[in-house]
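User: Could you take a close look at one part of this model for me? I would like to understand the salt bridges, and what sits around them.

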Amino acid sequence: MHILHVVGARPNFMKLAPVLRALSTRNNVRQTIVHTGQHYDANMSDVFFQQLGVPAPDVNLAVGSGSHAQQTAGIMTRFEAAVLDRKPGMVLVYGDVNSAVAAALVCAKLQIKVGHVEAGLRSFDRTMPEEINRLVTDQLADVLFTPSEDGDLNLAREGIAKEKIHLVGNVMIDSLVRLLPEALKHGRNGFPESYALVTLHRPSNVDDGGTLSEILQSLLEVSKNLAVLFPAHPRTRQRLEAFGMDARQLRVLDPVPYVEFINLQRNATVVITDSGGIQEETTYLGVPCLTLRDNTERPVTVSQGTNILVGKDPEKLRIELESILQGNAKRGTIPPLWDGYAAERIARVLVD
Ligand code: UD1
């Protein structure tokens, strides 16, 4: 059996790693990795491959940045040639990034089977590019691996046949479970005793000057009580510079490698983010998370985990932060099947 994995953006790499490992223990499975090149900076890509123990991609489509249409079309054109050349029996796509929807669309037209890892998540907010990617990818996929029960319900509602859906748990947590001991070896590593760890990259938060400025003001307020460590996504850094905004009062860092970032999360007093995966990682780690969004495609992080949606309301952020600083942080539990064995369950479905 030949399985071809398609990844392209930072959050894909920690999902690929455990699936690759689980499948590598099976006989008669050949694996190929295609990197679309959606993320290309070494600190957004190469360092993750190294730390996660993922071999260098067999193919790099080097598509780079562009508008959604340019990037998606670029991946489709280049991926079509690559997949025709490699002739896999199954293509696995990960998450909700442009690389996933582009590859799924190519495979559907070529009648190559597609598996979607992290299927069924819905924010019900179609202004979010990822929501479009999720909806389309799930309609096209032949096998859908969900991280939590809400995913199964969403897919059933959209008319996806039950036999295609497999509730396997969260593969991102597989990587976290495996590398947490390594991460904790880093200790406090020169960062403050207590701090807020901030990440921000959603177009809805950073592309509009007015919105970004309001969020920045809120973070500057936070920094009066608590050090703020802010590893900035390239997109966010560019926007801050383009809008001429001064974030020097925050400790703005370059993107942090995976293992160091897990350690930063584990030791944070609070994580403030608009990321998807970080809502999940903080829930697993039991670290309070304030999410700068009005909705989430990962509702179990709110219903069961440590996540609270504060939207863009500075007052809500202030109130929730105060409550955390007073020792009244929300205590969560770890959702079912977020146990480090999700990829093993995927391998069982695909091969055994
Ligand atoms: C993408 C995903 C998003 C995911 C995020 C994680 C889509 C639609 N979005 O968003 O779901 O949460 O990755 O990071 O697929 N850039 C660099 N170097 C890089 C990569 C990007 O400088 O290695 C800059 C470029 O200016 C680029 C911008 O960041 O235009 C945005 O990159 P892009 O891949 O389009 O989307 P992300 O915002 O990273």
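Analyst:
**Salt bridges at the domain interface and beyond**

With a relative accessibility of 1%, E297 is classed as buried. Please keep in mind that this is a predicted model. The neighbour in sequence, R298, is buried too, at 4% relative accessible area, and E297 and R298 form a salt bridge whose closest N and O atoms are 2.6 Å apart. E297 also has a salt bridge with R134, where the closest N and O atoms are 3.4 Å apart. These contacts belong to a wider network of salt bridges that links K15, D96, E118, E131, R134, E280, R293, E297 and R298.

To place these residues, it helps to look at the domains. The domain assignment gives domain 1 as 2-170 + 338-350 and domain 2 as 182-325. Their C-alpha centres are 26 Å apart. At the interface, 24 residues of domain 1 are in contact with 21 residues of domain 2, and the two domains bury about 1800 Å² between them, with 59% of that on carbon and sulfur atoms. Three salt bridges cross this interface, and eight residue pairs are in polar contact between the domains.

On the domain 1 side, the helices α1 (10-24), α2 (46-52) and α5 (129-140) each supply at least two of the residues that touch domain 2. Helix α2 gives the largest share, four residues. By residue type, that side of domain 1 divides into eight nonpolar, six polar and 10 charged residues.

Now let us step back to the whole model, where the count comes to 23 salt bridges. D207 takes part in two that are worth a look. One pairs D207 with R235, their closest N and O atoms being 3.1 Å apart. Because D207 lies in the loop between α8 (203-206) and α9 (209-225) while R235 is in helix α10 (residues 234-242), this pair ties together parts that are 28 residues apart in sequence. In the other, the side chains of D207 and R239 meet at 2.8 Å, N to O. Here too distant parts of the chain are linked, with D207 in the loop between α8 and α9 and R239 in helix α10, 32 residues apart.

How accessible are these three residues? D207 is partly exposed at 30% relative accessible area, R235 is partly exposed at 27%, and R239 counts as partly exposed at 23%. E297, by contrast, is buried at 1%, as is R298 at 4%.

Conventions. Residues numbered from 1 in each chain as written. Predicted model: local features only at pLDDT ≥ 70, side-chain atom pairs only at ≥ 80, totals over all residues. Heavy atoms only, no water. Domains from an automatic or database assignment. Contact = heavy atoms within 4.5 Å. Buried area = accessible area lost by both parts, 1.4 Å probe. Polar contact = N/O pair within 3.5 Å; in protein donor to acceptor, adjacent residues only side chain to side chain. Nonpolar A, V, L, I, M, F, W, Y, C, P; charged D, E, K, R; others polar. Buried < 20%, exposed > 50% of the residue type's maximum accessible area, 1.4 Å probe, protein only.
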